[in-house]
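Thanks for making the time this morning. I would like to walk you through one model, starting from a single residue and working outwards, so please have the viewer open.

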Amino acid sequence: MTNRTVTRILDHKCELGECPVWDELRRRLVWVDILQGNIHEWYVDDQSHVVTKFPIKIGSFALTDSSLLIAASSIGFVTLDLVGNRVVALDDPEHDLPNNRFNDGKCDPKGRFWAGTMDEVNGVQGAGALYRLDPNGKSAKEIPNVTCSNGLVWSQDSKTMYYIDSYDQNVKAYDYDLAEGKIANGRTVIEIPREDGIPDGMTSDGEGMLWIALWGGGKVVRYDPRYGRKLDEISLPVSQVTSCVFGGANFNDLFITTASVGLSKEEILTQPHAGSLFMARNVCNGGKPASRWQSERS
Ligand code: ZN
């Protein structure tokens, strides 16, 4: 295990920072403060920080080829226009479940957007699901009975999808049919000990290893999904670590989002930077560009 230092990138503290996405074209890190409905952009070249507020909770999003983002929100799948500050509703598969909202999401290598839900009011076990949004703007339920839908990663050969339902304390793998966007043969490949924290968002590096943020665990851990073995970890000065992504010029800087929600007043005093965006430099053979949403109309 290496002892790496993390840097806090800017002063802003999110309530529930999540879904860090590196945009290699505009050299910016984009992330969301879910409960505030804020999309954050941090531009590496001039260090500028832009916040765009929307009147909905935004669980996750992905880049597109335009200035729009595709997002999963408290009103279902939407597009967000950061320039005109506009929300356009697409499909809302859980409009009949008012306690549910969308949480983490990501595009598969073909640009389909996958995102899942959770009961954010009572945390009812199995109340959520994982959905796939197709280019025509229609969604399909792919995994039912999810409790807290979180991290998604596709393997480098696109043949495997990795998925975290935080409640299960594990990472599951599914065979992935890239042509159809279908999953099969779900099995557990990594078990996270409860005392290490709760698995949340994740990303992968150039060697196909998974980097998993541990909520309540104050760290990001690197696992080999072939053997379920822990290889490395990066500690943070805050406990609520939510997600991570590789970015920077060589895709080897790890950006890490965190949260302050759920902490007591006493904990906030000992974790004054809870909710900040952190970065660990030159972590390893880095990741790859994020897949972008491919709409039928674009
Ligand atoms: Zn999450």
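Let me begin with a question: does Ser 204 count as buried or exposed, and why? Keep in mind that what we are looking at is a predicted model. Ser 204 counts as buried, because its relative accessibility is 15% and the cut-off for buried is under 20%. Ser 204 lies in strand S18, which covers residues 198-204, and, if we leave aside neighbours within four places in sequence, Ser 204 is in contact with Val 153, Trp 154, Met 209, Leu 210, Phe 246 and Gly 287.

Strand S18 also brings us to the metal site, since Asp 200 lies in that strand. The zinc ion is coordinated by Glu 18 through OE, Asn 150 through OD1 and Asp 200 through OD, at 1.9 to 2.0 Å, and the spacing of these donor residues in sequence is E-x131-N-x49-D. Asn 150, in strand S14 (residues 149-154), and Asp 200 are 50 residues apart, so that the pair links distant parts of the chain; both of them are buried.

Turning now to the nonpolar cores, the largest has 18 residues, and Val 32, Ile 39, Phe 54, Ile 58, Phe 61, Leu 69 and Leu 80 have the most contacts inside it. Strands S2, S3, S6, S7 and S8 each supply at least two residues of this core, with the largest share, three residues, coming from S6. Apart from this core lies another, of 17 residues, among them Phe 246, Leu 254, Ala 274 and Cys 284. Phe 246 takes us back to the start, being one of the contacts of Ser 204.

Note on methods:
Residues are numbered from 1 along each chain as its sequence is written. This is a predicted model: local features need pLDDT of at least 70, side-chain atom pairs count only at pLDDT 80 or more; totals for chains, interfaces and linings use all residues. Side-chain values use heavy atoms; hydrogens and water are left out. Helices (H or I, at least four residues) and strands (E, at least two) are DSSP runs, numbered from the N terminus. Buried means under 20% relative accessible area, exposed over 50%, partly exposed in between (1.4 Å probe, protein chains only). Contact means heavy atoms within 4.5 Å. A nonpolar core is a set of buried Ala, Val, Leu, Ile, Met, Phe, Trp, Tyr and Cys residues joined through side-chain atoms within 4.5 Å. Donors are N, O and S atoms within 2.8 Å of the metal (3.2 Å for Na, K and Ca); water is not among the atoms, so sites may look incomplete.
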